[in-house]
Amino acid sequence: MSSASDIAKQAREAFDEAQKRLSSHGAAEADAARSKALTFICEALEAARDEIQAANQQDVAEANELVAQGKLSKQLVSRLDLFSKPGKWESMLQGVSDVAALPSPLDVCTRATRLADSVPAVGERAATGSLDLYRVTCPIGVLLCIFEARPEVIVNIASLAIKSGNAAILKGGKESKHTAAVLARCLATALEKSELPRYLVQTVQTRDEIQALLHEDRYIDLVIPRGSNALVRSIQREARMPVMGHADGLCAAYVHEDAHAKLTIETLLDAKLDYPSACNAIETLLVHRHHLSSGLWVAIAQAMTQAGVRLHCDPTSLAALQGQLDVHAQSLLSAATEADYDTEFLDLDLAVRVVDSVNEAVDHINQHGSGHTDIILCAPLPVKRTSSSAQSESAADVFTRSLSSSSVFVNASSRFADGFRFGFGTEVGISTGRTHARGPVGLEGLVIYKYVLRSSGEGAQTAGAFAPGEHQRAWSHTPLEPVYPTL
C-alpha cells in the first residue's frame, strides 16, 4: 500500500515523463497518442461492463440499506446507480469518445507580441534579431480530484485529465467503492496499452489519504472537489495548494411579468424535476407580482404540486393559492422560512418568493444565490436582434448583465448547465469561483498558459540595451499573428 506521499510523487513523475515522451511527437501526434489512450479506456470499459454492473449493484444494495437506516438519502442512491437510468452508462462512454474527438487544448497560441524589432549590425556589434513573445497553453500539472457518490465521475475526470495533458489522483465517495475499484482497473489496463505512463491516473480510497495529499503541494498543483458545500469548504480549509471548487447549487428561476405560460411551466418543470438532486436543479422560484392576478402563479403551483413538489411559499404567494388548489396540492404547501432561501434542497422542494421587478429578483439572487446557474423566464426574444430593438432595456438584458453567476440563461432550463450539454464532452465539475475556469469545467479549464520568448539573429538580447542612453533600443510591442512559434 503506497503512502500518500508516494502516490503524489508517482503522479508528478508520470506527468513529467508524459511531457517528455510526447515532446518529440509534435502537437498533432501527441494529441493523437492521448486520444488513443481514451479509445483504450472505452474498450476496457465495454469489456468489463458485466463486472462493473455487478459491482455497481452491490454499491446500490449497500446504499439502500443505509437509506433504510436513515443514514443516507434516496437522492444519493440515484446518483450512485450507473445503470438504472436509461442511457446513463452509454452517456458515460460517449463522453469519453467525445473528449477524444475534441481539438487539443494544448500548444494553442492565444497571444503573440513583437517586443522589439531587429537591430542591424553596428561596428563590432552583431545584428540583433527581433524579440517575439508568445502565450501558449500548457497543462496545469497534477490534479487531485475529490467527489461524492457518482462513480462515472472517475471516468469523466480521467478522460479530461489525459486529453489535457494532466495527471490525476481521484478519490470517490465510499458509497461507490466497489464500482470505483473496477473502473480504476479499467483505466490502468488502458494506460498500460497506451504510450502514456501507468501512473498518470491513480485512485485513492480513504479520507486519511486525502488529508495527507492535501499537504503534498510539492507534487500536486490543483485540487478539484466535486460534491456538497461541506466537502468543498472542508477541502478549501485544509489544502495547501489552489482549490477549484464551487458553492452550493442554489439556482434560482425568475418569472418576469411578460413570461409566456406554456414556455414558463414546461421550463420550470424540467429545471426542477429532470434531476432534483443535481446541483443545476432550481431551488428558488421568484415570481413577478403581476402573476398573482394573471393566473400563471396558480398554474405553476398546480403543475409543481401535481409532480409532488413541496412549495415553501412566502406570505404573498401562499395567500394567492388559498382556495385555488385541491386538497392534495394544499398539503404540499408550507410557509417559507428565511433559511429556505439559503437551502440547497436537492429534493422535491422549492422556495417561492414574490418580487415586484427584475431588479428585485436580481437583489434576491445576489443576496441568497451561490453563483451557479440562474434563469429568467420572459417574453420570447426575437430570433434575430436588430439595431432598432430595445433589447438594452429588456428584462433579460438587465438580468444577464446584473448577475455574475457562472451561468445565466434566458428562457432555458438550468439543467443545461452541464459540460456534455455545452459541448465539452464531459466536465470535471462546475466551478463558481472567479478564476480562469467558471461554469462547467472541460478541457479549457484544465489548461493554463506559459510565455515563450523567441529571439532571432546572432546578437545577444539583453535587457540593458533598453535602458536610457545614447544607444537605447526601442520597444515595439506590436501584435503578431497568434500562431505557435517555430522553434
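Which strands each supply at least two residues of the lining of the second largest pocket? The strands are β15 (439-441) and β16 (447-457). This report describes a predicted model, beginning with the chain as a whole and returning to the pocket further on.

## Overall architecture

The protein chain has 487 residues, of which 51% are buried. Its secondary structure comes to 16 helices and 17 strands. Taken along the principal axes, the C-alpha atoms fill a box of roughly 95 × 60 × 40 Å. Among contacts with a separation of 6 or more, 75% are between residues 24 or more positions apart.

Two domains are assigned in the protein chain: domain 1 covers 4-105 + 138-244, and domain 2 covers 251-382 + 391-424. Their C-alpha centres lie 34 Å apart. The contact between them involves nine residues of domain 1 and ten residues of domain 2.

## The second largest pocket

The volume of the second largest pocket is about 470 Å³. Its lining consists of 21 residues, and P105, L443, E444, G445 and V447 are the closest to the pocket centre. With three residues, β16 gives the most to this lining. By residue class, the lining has twelve nonpolar, seven polar and two charged members.

## The four-stranded sheet

Strand β16 also belongs to an open sheet of four strands, which pair antiparallel in the order β16-β2-β1-β17. At the edges stand β16 and β17 (478-479); each has a single partner strand, so one side of each has no neighbour in the sheet. The antiparallel pairing of β1 (residues 109-116) with β17 rests on two bridges. In one of the bridges, R114 is partnered by T478 of β17.

T128 is part of strand β2 (residues 128-139). Its relative accessibility is 8%, so T128 counts as buried. Apart from neighbours within four places in sequence, T128 is in contact with S118, V119, S456, G459, A460, Q461 and R473. L38 is 90 residues from T128 along the chain, and the C-alpha atoms of the two are separated by 46 Å.

## Positive phi values

Most residues other than glycine have a negative phi. D107 departs from this pattern with a positive phi near 60°. D107 lies in the loop between α5 (88-101) and β1. Its relative accessible area is 34%, which means that D107 is partly exposed.

H477 is another residue other than glycine with a positive phi, here near 50°. The loop that holds H477 runs between β16 and β17. A glycine, G308, has a positive phi of about 90° and comes just after helix α12.

## Strand β11 and its partners

How many of the seven residues of strand β11 (residues 349-355) are buried? Seven of the seven are, so β11 is largely enclosed by the rest of the structure. In a regular strand the side chains alternate between the two faces of the sheet. Here both faces are covered: D349, A351, R353 and V355 are buried on one side, and L350, V352 and V354 are buried on the other.

Strand β8 (residues 282-288) runs parallel to β11 and is joined to β11 by five bridges. One of the pairs is L285 with V352 of β11. Strand β9 (residues 310-313) is also parallel to β11, with four bridges between the two. In this pairing, R310 stands opposite D349 of β11.

## Helices α12 and α16

Helix α12 (residues 296-306) is mostly covered, with eight of its eleven residues buried. The buried residues of α12 are L296, W297, V298, I300, A301, A303, M304 and T305. An α-helix has 3.6 residues a turn, so residues three or four places apart point the same way.

In helix α16 (residues 395-402), A395, A396, D397 and F399 are buried. The cover over the buried residues of α16 includes three strands, β7 (251-255), β12 (373-377) and β13 (407-410), together with helix α15 (358-368).

Definitions and conventions
Residues are numbered from 1 along each chain as its sequence is written. This is a predicted model: local features need pLDDT of at least 70, side-chain atom pairs count only at pLDDT 80 or more; totals for chains, interfaces and linings use all residues. Side-chain values use heavy atoms; hydrogens and water are left out. Buried means under 20% relative accessible area, exposed over 50%, partly exposed in between (1.4 Å probe, protein chains only). On a 1 Å grid over the protein atoms alone, a cavity is a set of points where a 1.4 Å probe fits but cannot get out, and a pocket is an open set with protein on both sides within 12 Å along at least five of seven lines; lining residues have an atom within 4 Å of a point. Grid points are joined across faces, edges and corners, and a volume is the space filled by probe spheres set on the points. Ala, Val, Leu, Ile, Met, Phe, Trp, Tyr, Cys and Pro count as nonpolar, Asp, Glu, Lys and Arg as charged, and the others, Gly among them, as polar. Two strands pair if DSSP finds at least two bridges between them. Domain bounds come from an automatic or database domain assignment. Contact means heavy atoms within 4.5 Å.
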